[in-house]
Amino acid sequence: MARQDAGQEPATAPELASGLDIPAWRALIDATSNPMVLFDRNGHIVVANRSAGEYAGLSISEVEGRSSADIYDRETAILRQAVIDGVVQFGSPRTFDEKVQNTMFRVWAEPVKDVAGNVLGVAVHSIDITDYVAMQKEVIEKERFYAGIINAIQDGVEVVDAGKRVLLVNRTFSEWFGHLGPLQGREHKAVHGESEAFFTCPVDTVLETGKPAQVVRPFRRQGVEAGWLEVFSYPLMGSDGGIRGAVQYCRDITEKVLLERRLYRERRRFREYYDVSPVGIATVTPVEQWLDVNMTYCQLLGYTKEELLKTSWAEVVHPDDHGAIEKFHKDALAGNAVTFHGDIRYIHRSGTVLYVTATAKYIRDEEGTPGYFLIVVQDIGSRREAEEELRKIRRDLERRVVTRTRQLLESESNLRALLNAPVVSSFLLDVSGRILAVNDVGAERLSYAPADMLGRQFTSLFPPKLAASRNASLVRAREQGRVVKFQDERDGLVFDISVYPVRDRGGEVSRLAVFAEDVTKTRTLERQLLQAQKMEALGIMAGGIAHDFNNILGVIITNAELLQMDALAEKAGRRVSRILDAGTRARDVVKQILTFSRSEMEERTSFDLGDAITAFCDLVKTSLPENIELSVERLQPCRLPVNMDLTQLQQMLMNLCVNARHAIGEEGGVISVQLDPPVRLDTRDCLVSYPELSAGSYARISVQDTGQGIEPAIIERIFEPFFTTKPKEMGTGLGLSMVHGIIRRHAGAIRVQSEPGNGAVFTVFFPLHEEALEETALEGVSTAVSMANGRILFVDDDAEYRSSVLQALERIGYEVDEAGNGLEALGTLIEDPERYGLVLTDQTMPGMSGLDFAECVRARNINTPILLCTGYSQHVTEARLSELGLGLLLKPFTVKGLEQAIINLLHNDTGQ
């Protein structure tokens with residue numbers, strides 16, 4: 001410190017020591033080794049010791065009486081004066097540090113007061129604190145060093161004293177609890193707040209027992225759970241061995257806790273998966289003892305988990321598979337194998353054998369220390385069954401593939417045959433109409449070789465008039481994407497043509513398929529079918545007309561005969577005879593109509609067709625003119641058995657010969673009757689050419705003439721009743737219709753071939769009959785029987801006809817009761833069954849037919865003979881007549897015929 005100018009005179013002691021006990025202060029100051037001076041109120045030094053002079057670099061005499069400004073440098077003087085002024089003013093001590101050269105002093109300024117408390121002066125005492133300051137600096141640096149270390153620790157550190165006041169915390173600890181300011185000296189509870197109990201617990205334990213404590217708990221910050229801490233508390237021991245406090249080391253284990261929780265959940269989930277896994281899972285020690293097994297493994301073997309864990313792996317493996325398991329076990333322990341995989345057998349608890357696929361792996365830890373075997377097994381019993389079933393299916397599939405391949409080859413062959421069938425012409429065209437493919441039929445019909453047609457335009461194959469319409473059909477099929485069909489008729493042939501659009505995978509029309517089918521025969525068959533249906537309709541109509549005519553003719557003929565029985569004049573007798581002749585001719589016409597409609601009653605027998613034709617033609621020759629020759633030729637030498645009505649066969653042949661004779665005319669010619677070899681028709685033949693026939697064997701009769709032939713326009717009408725090209729006086733138009741009816745009634749068919757100017761050929765088909773032939777006479781024999789008497793019940797709904805027949809019966813000599821219908825007659829007969837010896841009934845009546853009436857009579861056990869009269873009925877058969885025990889009388893009948901029928905029925909009924 002620089003000293004002030006010494007030339008200035010110092011103040012004298014009395015001047016300075018106003019009110020101060022100078023001697024006492026001098027004795028006190030001199031006794032102090034540290035620098036010490038006494039200032040008066042004005043800042044002048046009153047007393048100073050040698051150390052103070054040395055401190056100022058002056059002697060005592062040079063110091064005393066001077067002010068601070070006189071002996072110190074300006075900065076020090078100002079500081080000291082300000083301190084003295086403050087002490088004097090406020091009467092309180094002051095302390096400050098000052099550095100003199102390299103020495104640091106701590107200065108205390110104490111007020112000197114009198115009894116009244118007035119400040120008389122200021123005592124200034126200085127101590128050298130240079131070493132203390134150096135040591136304090138070193139301590140601060142060490143504190144900072146250790147604080148840096150503590151703050152560098154990522155875990156929280158807290159030091160508390162025995163009174164649980166905070167001595168030290170690191171930065172991590174402060175941040176955890178959100179403290180920004182210093183925590184030293186604060187109470188433990190104030191620092192930790194709501195988590196204080198958590199941290200106090202281990203601290204209390206340490207302070208009470210002197211032993212370390214540990215706790216793991218969640219901690220909260222500002223009311224929110226902040227995480228998990230693991231706290232270690234250790235005692236802080238003093239030099240005397242006493243407990244001075246505690247050190248707490250806090251580690252944030254939130255992530256660890258969450259990870260452990262997650263691991264726990266994963267383990268629990270794994271265990272659930274482990275137990276419900278569809279495969280059996282087990283762990284086994286190196287000595288083959290179970291460590292763990294899942295539920296599937298237990299269920300597979302039929303054990304509970306506790307039962308299975310008491311066994312060993314080897315106990316459940318089939319003895320025959322022990323070798324493979326033991327080899328793997330030894331290799332795994334020796335380090336030569338890690339994994340085993342294969343099918344083995346287990347022994348179920350029940351003793352049955354299980355087939356499983358097993359995978360075993362030997363697990364070692366990271367250091368390679370032997371651990372355990374992990375075993376996974378899956379029941380393959382169902383798989384083995386499925387594999388066996390699959391093998392069966394495969395064998396069956398291979399067999400089916402072979403079969404299907406053979407079928408495909410056959411189908412391919414059939415397809416080629418089908419494409420080349422003689423009916424359908426097939427063409428494949430591109431969208432422009434060029435021919436890409438054609439079958440043999442299509443090429444042959446157009447008189448080309450298939451190869452010569454490829455690449456040509458389809459329309460170029462047609463005449464110019466047809467080419468435009470054919471092209472329009474192709475365009476329509478291509479643009480509209482639909483099938484186009486049309487018909488082509490040329491040169492007597494009819495073709496159905498269809499154009500099909502062929503689409504590619506994108507749905508666009510890329511090809512056109514054209515099929516042309518020859519339907520000429522089909523159209524012909526359709527016309528034949530329409531003709532047959534028309535003929536059948538005409539037959540039904542004709543049958544109905546014939547039935548009405550029968551009743552009318554019956555009245556005429558019966559009354560004419562009754563007149564003849566009376567004594568008439570010669571002229572009247574001739575007229576009656578002409579009436580009977582006309583009635584007889586009308587009856588024959590009706591018979592022909594019934595034959596056409598297949599309603600005439602017939603009597604079939606079995607005979608040789610060749611013999612019957614030969615015998616008949618011998619009779620016909622005598623009735624032909626001399627200029628017509630009848631030629632009979634039998635090309636079939638063996639017998640041809642048929643089952644027919646011989647009379648109707650003769651009628652058919654007679655009508656065909658008469659038709660041929662009329663066709664030949666006056667110029668003469670030849671009629672040829674030829675018995676052709678039989679033919680066997682299959683179903684296809686019948687469908688295509690003879691739709692009215694069934695498959696089987698047929699005899700053929702051909703009647704050919706050399707006449708003028710038949711015009712094509714009328715050939716389909718020649719079998720219609722009453723259709724004729726002859727003059728009225730030459731025929732009725734029923735001849736060929738009668739032929740048609742006879743043939744159809746005998747399940748036969750007739751075909752006609754004719755050209756104008758070249759005659760005609762009628763070919764007739766009759767089914768052959770395989771049963772033994774009956775010896776049938778060609779001419780009938782009549783037998784006379786005697787008369788019979790009795791009362792007759794006559795039933796008929798036509799009153800006029802009933803009256804005529806009643807008179808005829810009475811003329812013959814019978815007593816007659818009449819009834820207008822079946823119900824009336826049935827009531828009369830039931831009332832007195834014994835009254836009548838015979839019932840004569842009509843068949844066709846309203847309400848109840850004659851057959852129905854007869855059935856009702858027989859149902860009541862009334863055995864009165866019944867004679868059924870009919871001229872038209874499809875329901876009257878030989879079988880029904882025989883079943884009911886009825887006689888039959890065809891209408892119209894004569895009085896004589898009626899009498900003979902009654903006699904015959906009564907004769908047969910009495911067995912005479």
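Strand S24 (residues 669-681) and strand S25 (residues 696-705) of this predicted model run antiparallel to one another and are joined by nine bridges. Within that pairing, Ile671 has Asp705 of S25 as its bridge partner.

The two strands belong to an open sheet of five strands with mixed pairing, whose order is S22-S24-S25-S27-S26. At the edges of this sheet stand strand S22 (628-634) and strand S26 (749-754), each of which has a single partner strand, so one side of each is left without a neighbour in the sheet. From one strand to the next, the twist averages 20 degrees.

Two helices pack on this sheet, and the table sets out their contacts and directions.

| Helix | Strands touched | Angle between directions |
|---|---|---|
| H23 (residues 646-664) | S22, S24, S25 and S27 (760-767) | about 135 degrees with S24 |
| H25 (residues 735-745) | S26 and S27 | about 140 degrees with S26 |

Helix H23 thus has contacts with S22, S24, S25 and S27, while helix H25 touches S26 and S27. Strand S22, which is touched by H23, and strand S26, which is touched by H25, are the strands that stand at the edges of the sheet.

Elsewhere in the chain, strand S1 (residues 36-40) is mostly covered, with five of its five residues buried. The burial applies to both faces of S1, since Met36, Leu38 and Asp40 lie on one side, Val37 and Phe39 lie on the other, and all of these residues are buried.

Strand S1 pairs with two strands that are described here in turn. With strand S5 (residues 119-128), S1 runs antiparallel and is joined by five bridges, and in S5 the bridge partner of the buried Asp40 is Gly121. With strand S2 (residues 45-48), S1 also pairs in the antiparallel sense, over three bridges, and here Val37 has Ala48 of S2 as its bridge partner. The hairpin formed by S1 and S2 has four residues between the strands, and in this hairpin Gly43 takes a positive phi near 95 degrees.

The confidence of the prediction should be kept in view when these details are read. The protein averages a pLDDT of 80, and 81% of the residues score at least 70. Over residues 1-8, pLDDT stays under 50, and the model has 27 contacts beyond four places in sequence for this stretch. Over residues 772-789, pLDDT likewise stays under 50, and for these residues the model has 31 contacts beyond four places in sequence.

Conventions. Residues numbered from 1 in each chain as written. Predicted model: local features only at pLDDT ≥ 70, side-chain atom pairs only at ≥ 80, totals over all residues. Heavy atoms only, no water. Pairing = 2+ DSSP bridges. Axes fitted to C-alpha atoms, helices over the stretch in contact; angles between N-to-C directions. Contact = heavy atoms within 4.5 Å. pLDDT = per-residue confidence, 0-100. Buried < 20%, exposed > 50% of the residue type's maximum accessible area, 1.4 Å probe, protein only.
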